[in-house]
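Open the model in your viewer and keep the sequence panel beside it. The tour goes from the whole chain to single residues.

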Amino acid sequence: MSAFFGKNWFKLALGAILIAMIASFAYKLWANGSEPDQRLTAMKQAPSFQLEDLDGKPVASQDMDGKVRLVYFFYSFCPDVCMPTTFLLSQVQESLKKKDLLGTKAEIVSITVDPKRDTPEVLKEFGNRFESKPVPGGWTFLRGEESKIHKLAEDFGIMVIKEKDGNFSHSNAILLVDPKGKLRNYYDASNPELDVDHIVKDVVTLSKGK
């Protein structure tokens, strides 16, 4: 038994963490089918942070007070979920632009968990892959010290584990934060039923102060 554990400890630990994360999301994911006032009930104060944008300028969470925020922890070298989820966010951005909410009432925040490889140049190129390219002041990509970002992700309730090959296992969730900095929802970005209209509807609701 000890030999088996010694060879498989990483897989066992990862499995245990994934089960814990699924359990922590269970209520909010179930509540996605509930009435809007129940589904968007404030969960807790979102953790504060100060990171850097792609021009090296400091950006603090307090700078976004007054806006609804969609926060996503990702990395550009991700082999699976990050690209399609970022594409989804690009569609959300386009919809928010059409509603005149982007940059004034709402903002998208993408935070890399792999700042060593995700240099400003790499992230600018990554953002430009999408037809709806990041709009300054409307969609912000942030970087910082790796350990600091991983602690921030943990405080948000997002799992991040660095693997031996340099990639990362992480929760694929989009976080919804209201204008007062309260965490309102987790969207399971791997759920094929999650669509742009669902997210934008919630952003519109919270932008009205509800």
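Start with the contacts of the whole chain: of those between residues at least 6 apart in sequence, 73% join residues at least 24 apart. Contact here means heavy atoms within 4.5 Å. This is a predicted model, in which local features need pLDDT of at least 70 and side-chain atom pairs count only at pLDDT 80 or more, while totals for chains, interfaces and linings use all residues. Residues are numbered from 1 along each chain as its sequence is written, and side-chain values use heavy atoms, with hydrogens and water left out.

Colour by secondary structure. The chain has six helices and ten strands. These are DSSP runs numbered from the N terminus: helices are H or I with at least four residues, strands are E with at least two.

Now show the surface. Its accessible area is about 10800 Å², with 55% belonging to carbon and sulfur atoms. The areas come from the Shrake-Rupley method with a 1.4 Å probe; for residues, only the protein chains shown count as cover. Of the 210 residues, 49% are buried. Buried means under 20% relative accessible area, exposed over 50%, and partly exposed in between (1.4 Å probe, protein chains only).

**The sheet**

Select the six strands E1, E10, E9, E4, E5 and E6. In the order E1-E10-E9-E4-E5-E6, they make an open sheet with mixed pairing. Its edge strands are E1 (44-45) and E6, each pairing on one side only. Two strands pair if DSSP finds at least two bridges between them.

Go to E4 (residues 68-74). Seven of its seven residues are buried, so E4 is largely enclosed by the rest of the structure. Show side chains: Val-68, Leu-70, Tyr-72 and Phe-74 point one way, Arg-69, Val-71 and Phe-73 the other.

Add E5 (residues 106-112). It runs parallel to E4, and seven bridges join the two. Arg-69 stands opposite Glu-107. Further along, Phe-74 has Thr-112 as its bridge partner.

Next, select E10 (residues 182-188). Five of its seven residues are buried, so this strand too is largely enclosed by the rest of the structure. Which residue of E10 is the bridge partner of Lys-44? It is Leu-183. Leu-183 is also the bridge partner of Val-177. E1 joins E10 by two bridges, antiparallel. E9 (residues 173-177) joins E10 by five, also antiparallel. E9 and E10 form a hairpin with four residues between them. Stop at Gly-181 in the turn, where phi is positive at about 85°.

**Helix H6**

Select residues 196-207, helix H6, and find Val-204. Beyond residues up to four places away in sequence, Val-204 touches Lys-99 and Leu-101. Draw a distance from the C-alpha of Val-204 to that of Ala-106: 8.6 Å, with their positions 98 residues apart along the chain.

Ser-207 is in H6 as well. At 18% relative accessibility, Ser-207 counts as buried. Leaving aside neighbours within four places in sequence, its contacts are Val-68, Leu-101 and Lys-105.

**A pocket**

Finish at the second largest pocket. Select Leu-54, Pro-134, Pro-136, Trp-139 and Phe-141, which lie nearest its centre among 14 lining residues. Helix H4 (120-127) and strand E6 (139-142) each supply at least two residues of the lining. By class, the lining has seven nonpolar, four polar and three charged residues.

Definitions and conventions. On a 1 Å grid over the protein atoms alone, a cavity is a set of points where a 1.4 Å probe fits but cannot get out, and a pocket is an open set with protein on both sides within 12 Å along at least five of seven lines; lining residues have an atom within 4 Å of a point. Ala, Val, Leu, Ile, Met, Phe, Trp, Tyr, Cys and Pro count as nonpolar, Asp, Glu, Lys and Arg as charged, and the others, Gly among them, as polar.
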